[in-house]
Amino acid sequence: MTEATRRDEIAAGLARVEAEIAEACRAAGRARDELTLIAVSKTYPASDVRLLAALGVTDVGENRDQEAAAKAHECAGLGLVWHFVGQLQTNKARSVVGYADVVHSVDRPRLVAALSQEAVRAGREVVCLVQVALDGDPGRGGARPQDVPALAEALAAAPGLRLGGVMAVAPLGGEPGRAFAELRKIAQTVRDAHPGADVISAGMSGDMSEAIANGATHLRVGTALLGRRKPLVR
């Protein structure tokens, strides 16, 4: 496939996503500029990230450190905001802090401590979101709703980190609207205690509209922008 053909494909995907966002914003009585679109580029090459940047996309998400670190290095100089959106092991904190501006998946105190230590060492401030488990499945990551306030407190107090708000993934097979309504309540509790923590990261390719209806500020969209992913060969 030529670069021009791929650019046209991505441009068409972006136009479809923007049309869906615009329609959902109209339905929810919200303004488009209340939302940040994060292009999740996992398994796609850095050349796709460059094409996205040329089309005006400013925020890019990755969920595997090894791939993300290489891609962020290759795309340095494009002025992109890098979001780490996958589950994160504490031993990857140093690497992730090296390129990520926002970490969406903070779900335990040990990870707060590891990220804080590495952010201070690197002289950076990293925005962190508390990942909330809405389905009780520990395999998908996230803190239990009852543990969110204490984790938010720990993040707010951690040197080198800034509490940005909350993130969640809709439960598999559940109603996204109901899950995101619950997330919105949890987000409000966090914001009541920490007024600057106004980020709600929710909504992916299949449930953007429900997320927008329930106050999402950041959408994590991959497939709808870049196409179906090929299975990763490890």
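Reader: Which residues does Arg6 touch, not counting residues up to four places away in sequence?
Author: This is a predicted model, and in it Arg6 lies in helix 1. The side chain of Arg6 also makes a polar contact of 2.8 Å with the side chain of Glu9. Beyond four places in sequence, the residues that Arg6 touches are Met1, Tyr44, Asp48, Leu51 and Leu226.

Reader: Is Arg6 buried or exposed?
Author: Buried means under 20% relative accessible area. The relative accessibility of Arg6 is 12%, so Arg6 counts as buried.

Reader: Which residues of helix 2 are buried?
Author: Helix 2 covers residues 46–54. The cover over its buried residues includes helix 1, strand 1, strand 2 (59–62), helix 3 (65–74), strand 3 and helix 9 (223–226). Two of the residues that Arg6 touches, Asp48 and Leu51, belong to the buried set of helix 2, which is Ala46, Asp48, Val49, Leu51 and Leu52.

Reader: What phi does Gly56 take?
Author: Gly56 comes just after helix 2. Its phi is positive, at about 100°.

Reader: Where does UniProt place the feature "modified residue: N6-(pyridoxal phosphate)lysine"?
Author: The feature comes from an unreviewed UniProt entry. The residue concerned lies in the loop between strand 1 (36–40) and helix 2 (46–54). The position given by UniProt is Lys42.

Reader: Why does Lys42 count as partly exposed?
Author: A residue is buried under 20% relative accessible area and exposed over 50%, with partly exposed in between. Lys42 is partly exposed because its relative accessible area is 26%.

Reader: With which residues is Lys42 in contact, leaving aside its neighbours within four places in sequence?
Author: The loop holding Lys42 runs between strand 1 and helix 2. Leaving aside those sequence neighbours, the contacts of Lys42 are Gly61, Glu62, Asn63, Glu67, Lys71 and Arg229.

Reader: Which residue other than glycine has a positive phi near 70°?
Author: The residue lies in the loop between strand 1 and helix 2, the loop that also holds Lys42. It is partly exposed, with a relative accessible area of 29%. The residue with this phi is Thr43.

Reader: The backbone oxygen of which residue lies 2.8 Å from a polar atom of the side chain of Arg30?
Author: Arg30 is in the loop between helix 1 (3–28) and strand 1, and at 17% relative accessibility it counts as buried. Leaving aside neighbours within four places in sequence, Arg30 is in contact with Cys25, Leu35, Ile212, Gly215 and Ala216. The backbone oxygen in question is that of Ala216.

Reader: Which residues touch the most other members of the largest nonpolar core?
Author: The largest nonpolar core has 68 residues. One of the residues asked for, Ile21, is in contact with Arg32, Leu35, Leu37, Met208, Ile212 and Leu219, leaving aside neighbours within four places in sequence. Apart from this core lies another of five residues, among them Val102, Leu129, Met167 and Val199. Within the largest core, the residues with the most such partners are Ile21, Val103, Leu115, Leu161 and Leu219.

Reader: What distance separates the C-alpha atoms of Lys92 and Asp65?
Author: Lys92 lies in the loop between strand 3 (81–84) and helix 4 (93–97), and it counts as partly exposed at 32% relative accessibility. Lys92 and Asp65 are 27 residues apart along the chain. Their C-alpha atoms are separated by 7.1 Å.

Reader: What distance separates the C-alpha atoms of Ala113 and Leu155?
Author: Ala113 is in helix 5, residues 109–122. It is partly exposed, with a relative accessible area of 47%. Ala113 and Leu155 are 42 residues apart along the chain, and their C-alpha atoms are separated by 8.7 Å.

Reader: How many helices and strands does the protein chain have, and what is its radius of gyration?
Author: The secondary structure comes to nine helices and eight strands. The globule rule gives 17 Å for 234 residues, and the chain is close to this, so it is as compact as a globular protein of that length. The radius of gyration is 17 Å.

Reader: What share of the residues in the protein chain is buried?
Author: Along its principal axes the C-alpha trace spans about 50 × 40 × 30 Å. The chain exposes about 11,100 Å², of which carbon and sulfur atoms supply 52%. Of the 234 residues, the buried share is 47%.

Key:
Residues are numbered from 1 along each chain as its sequence is written. This is a predicted model: local features need pLDDT of at least 70, side-chain atom pairs count only at pLDDT 80 or more; totals for chains, interfaces and linings use all residues. Side-chain values use heavy atoms; hydrogens and water are left out. UniProt positions are given in the numbering used here, feature names are shortened, and annotations may be inferred rather than shown by experiment. Helices (H or I, at least four residues) and strands (E, at least two) are DSSP runs, numbered from the N terminus. Buried means under 20% relative accessible area, exposed over 50%, partly exposed in between (1.4 Å probe, protein chains only). Contact means heavy atoms within 4.5 Å. A nonpolar core is a set of buried Ala, Val, Leu, Ile, Met, Phe, Trp, Tyr and Cys residues joined through side-chain atoms within 4.5 Å. The radius of gyration is taken over C-alpha atoms; the globule rule is 2.2 Å times the number of residues to the power 0.38. Accessible areas come from the Shrake-Rupley method with a 1.4 Å probe; for residues, only the protein chains shown count as cover. A polar contact is a pair of N or O atoms within 3.5 Å; within protein, one must be able to donate a hydrogen and the other to accept it, and residues adjacent in sequence count only if both atoms are side-chain atoms.
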